[in-house]
Amino acid sequence: MNHGEPTHVHLHLDSDLSSVASLAATNHYVEREADRLVRVEVTGDGTVRGNLKVVSGYGAQTRLVDISLVEPRETEETVQVGEDLSTPSPRPEPQSRGLPDAVGTLPVMVLATLALLTALGAVALFQTTAVLLGAAVVVVGVSVALYSLLAA
């Protein structure tokens, strides 16, 4: 965590560590009150000890961090799998495509009817091409909404 001002940080692995590991990038910019994830790729085997040099403030501050890379232990842990896991689960029955729930459908039907009546009333009252085109859009929109509702 950078508890100070934003800074540039340079990282360097000593010769022992660099023989089995490498840094994806060595120069990093760290914002104020921020963490910075650094990717290290381990390419060698065995146990290695060394230092990571951390330099900030354009060389004003240098710290050495002791690092030990240890080969992970292999374990002989096993997992017991139940016999019932070898058979597939039954598929759920598909839902029927009947009429949708009336409670959820009723408000949509009422609003669709009001939209259609308003569009037809505007066409009858104003009789202009723009109003006719607007009413056609309302009819198409209501038709799509009702089709989607009934198809669900």
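What share of the 152 residues in the protein chain is buried? Buried residues come to 13% of the chain. Keep in mind while browsing the views below that this is a predicted model.

**View 1. The whole chain, spread out.** Three helices and six strands make up the secondary structure of the protein chain. Reading from the N terminus, the order is β-α-β-β-β-β-β-α-α. With a radius of gyration of 35 Å, well over the 15 Å that the globule rule gives for 152 residues, the chain is more spread out than a compact globule. If you'd rather think in box dimensions, the C-alpha trace spans about 85 × 55 × 25 Å along its principal axes.

**View 2. Arg-32 and Glu-5, joined by a salt bridge.** Searching the whole structure turns up one salt bridge, and here it is: the side chains of Arg-32 and Glu-5 meet at 3.3 Å, N to O. The pair ties together distant parts of the chain, with the two residues 27 apart. Arg-32 sits in the loop between strand 3 (27–30) and strand 4 (40–42), while Glu-5 belongs to the segment before strand 1 (7–13). How much of each partner is accessible? Arg-32 has 48% relative accessibility, so it counts as partly exposed. Glu-5 has a relative accessible area of 51%, which puts it just on the exposed side, because exposed means over 50%.

**View 3. A negative patch on the surface.** Four residues, Asp-45, Glu-71, Glu-74 and Glu-76, form this negative surface patch. Zoom in on Glu-71 and you'll find it in the loop between strand 6 (61–69) and helix 2 (102–126). Its relative accessible area is 39%, so Glu-71 is partly exposed. That value clears the bar for patch membership, because patches take residues with over 30% relative accessible area.

**View 4. Val-123 and Val-9, a long way between two valines.** Val-123 lies in helix 2, the helix that covers residues 102–126. Is Val-123 buried or partly exposed? At 23% relative accessibility it counts as partly exposed, because buried means under 20%. Now pull the view back to bring in Val-9, 114 residues away along the chain from Val-123. The C-alpha atoms of these two valines are separated by 71 Å. For scale, the C-alpha trace of the protein chain spans about 85 × 55 × 25 Å along its principal axes.

Methods: Residues numbered from 1 in each chain as written. Predicted model: local features only at pLDDT ≥ 70, side-chain atom pairs only at ≥ 80, totals over all residues. Heavy atoms only, no water. Helix = DSSP H or I, 4+ residues; strand = E, 2+ residues; numbered from the N terminus. Buried < 20%, exposed > 50% of the residue type's maximum accessible area, 1.4 Å probe, protein only. Patch = residues over 30% accessible without salt bridge, like charges linked within 9 Å, V, L, I, M, F, W, Y side chains within 5 Å. Areas by Shrake-Rupley, 256 points an atom, 1.4 Å probe, with all protein chains shown as cover. Lys, Arg positive; Asp, Glu negative; His and termini not counted. Charge placed at Lys NZ, Arg CZ, Asp CG, Glu CD. Rg over C-alpha atoms; globule rule 2.2 N^0.38 Å.
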